[in-house]
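Subject: Structure handover

Hello,

Here is the structure for your set. My notes on it follow below the coordinates.

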Amino acid sequence: MPKGYWVSVYRTISDREKPAAYNKLAGPAVKAGGGRILARGSRVVAHDAGIAERTVLIEFDSFEQAVSAHESAAYQEALVALSDGVERDFRIAEGPD
């Protein structure tokens, strides 16, 4: 079964307190949903039209698990805490078989 991945690239962070509040809620929500953080806030080298701001990569055992974790009440609560504090590009991607 193909794995699922959350890929989140922050374009701008306008309020540093909101990502901190989000992280307190999102970490446990991701873990409860079966996610494993592969990269978070590490060094980034951007190419082409990329942005070298905060990048997060989270792996799940399946694509369906990744979607379910995003839709969970716990993660939705984390998104409320983040609200308009950032602009980010968030995707759920399916890995190869």
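From the N terminus onward, the order of elements in this predicted model is β-α-β-β-α-α-β. That comes to three helices and four strands. With a radius of gyration of 13 Å, close to the 13 Å from the globule rule for 97 residues, the chain is as compact as a globular protein of that length. The C-alpha trace spans about 35 × 35 × 15 Å along its principal axes.

On contacts: of those with a separation of 6 or more, 78% are between residues 24 or more positions apart.

On burial and surface: 30% of the 97 residues are buried. The chain exposes about 6,100 Å², and 52% of that area is supplied by carbon and sulfur atoms.

On the core: in soluble globular proteins, nonpolar side chains tend to be buried together. Here the largest nonpolar core contains 16 residues, and Trp6, Tyr10, Tyr22, Ile58, Phe60 and Tyr75 have the most contacts inside it. Two or more residues each come from strand S1 (4-13), helix H1 (17-32), strand S3 (55-60), helix H2 (63-71) and helix H3 (73-82). H1 gives the largest share, four residues.

Ile58 may be a useful place to start looking. Leaving aside residues up to four places away in sequence, Ile58 touches Gly4, Tyr5, Trp6, Val30, Gly35, Arg36, Ile37 and Leu38.

On charge: there are 12 positive and 14 negative side chains, and the centres of the two sets are 7 Å apart.

Regards

Methods:
Residues numbered from 1 in each chain as written. Predicted model: local features only at pLDDT ≥ 70, side-chain atom pairs only at ≥ 80, totals over all residues. Heavy atoms only, no water. Rg over C-alpha atoms; globule rule 2.2 N^0.38 Å. Buried < 20%, exposed > 50% of the residue type's maximum accessible area, 1.4 Å probe, protein only. Contact = heavy atoms within 4.5 Å. Areas by Shrake-Rupley, 256 points an atom, 1.4 Å probe, with all protein chains shown as cover. Lys, Arg positive; Asp, Glu negative; His and termini not counted. Charge placed at Lys NZ, Arg CZ, Asp CG, Glu CD. Core = buried A, V, L, I, M, F, W, Y, C linked by side-chain atoms within 4.5 Å.
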